[in-house]
Amino acid sequence: MSEIKLVAEARTEFGKGAARRIRRASQIPAVLYGHGTDPVHIALPGHVTTLALKQSNALFSIELDGKPVLAIAKDVQRDPVKDVVEHIDLLIVKKGEKVEVEVNVHVVGESAPGTIHVVESQTLLLEAEATHLPEAVEVSIEGLEAGHIVRAGEITLPKGSVFHGDAELAVVAITEPRSEVAAEAEAEAADEAPAEA
């Protein structure tokens, strides 16, 4: 994955008022931290940064005072109504270093005819090299029959990635679509079942 270059400005003003002024100037307030350094408060170009964040686990090359720093977004705060980026926490990384990231699950293929798939886990926690973070984990459901569950331990991970979590975690389940009539019949049967004393 190539680095996304961003030119940052150091911030000297803090607080909600300062953050609002930064956003009005089409910039996004952010903080750079990690590797034993003091947190550095910066402002990033709004439009370019927002577009870059659409790429999952993007690697940023942030130029501050003429010096590039590699970083990944660890936390992105968005306005819940306007869905605009309000603040970003950026973790400084080095080439060759391993970091933990949430990676989206991407289903490929078609399950057996007459079945549907349900994604039980939208993301997986992986450890990967900071400069080669995977954008997604592909889970093939090609030809799988109803009742099959793809578990985390069965998934082929991107090269250099290690799964951190329970290998038995259900990621994708294959099932038969329940008709509304069958669902209503089951609900009625449950209502009519005698209550245990």
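Two strands count as paired if DSSP finds at least two bridges between them. Keep that in mind as you click around this predicted model.

**Stop 1: strands 6 and 7.** Select residues 67-78, which make up strand 6, and then residues 85-92, which are strand 7. The two run antiparallel and are joined by seven bridges. For one spot to zoom in on, pick Ala-71: Ile-92 in strand 7 stands opposite. Now look at the turn of this hairpin, where six residues sit between the strands. Asp-83 is in that turn, with a positive phi of about 55 degrees.

**Stop 2: back to strand 5.** Add residues 59-64 to your selection; this is strand 5, antiparallel to strand 6 and joined to it by six bridges. Which residue of strand 6 is the bridge partner of Ile-62? Val-69 is. This hairpin has two residues between its strands, and Asp-65 in the turn has a positive phi of about 55 degrees.

**Stop 3: helix 1.** Jump to residues 16-24 and color Ala-18, Ala-19 and Ile-22, the buried residues of helix 1. Look down the axis: they fall within an arc of 100 degrees, so they line one face of the helix. Those buried residues pack against strand 3 (27-34) and strand 4 (37-45). On the face turned away, find the exposed Lys-16 and Arg-24. After the helix comes Ser-26, with a positive phi near 60 degrees.

**Stop 4: Gly-147.** Finish in the loop between strand 11 (136-140) and strand 12 (149-151), where you'll find Gly-147. Is Gly-147 buried or exposed? Gly-147 is exposed, at 61% relative accessible area. Try a C-alpha to C-alpha distance to Ala-173: 7.1 Å, although the two are 26 residues apart in sequence.

Note on methods
Residues numbered from 1 in each chain as written. Predicted model: local features only at pLDDT ≥ 70, side-chain atom pairs only at ≥ 80, totals over all residues. Heavy atoms only, no water. Helix = DSSP H or I, 4+ residues; strand = E, 2+ residues; numbered from the N terminus. Buried < 20%, exposed > 50% of the residue type's maximum accessible area, 1.4 Å probe, protein only. Arc of directions from axis to C-beta. Contact = heavy atoms within 4.5 Å.
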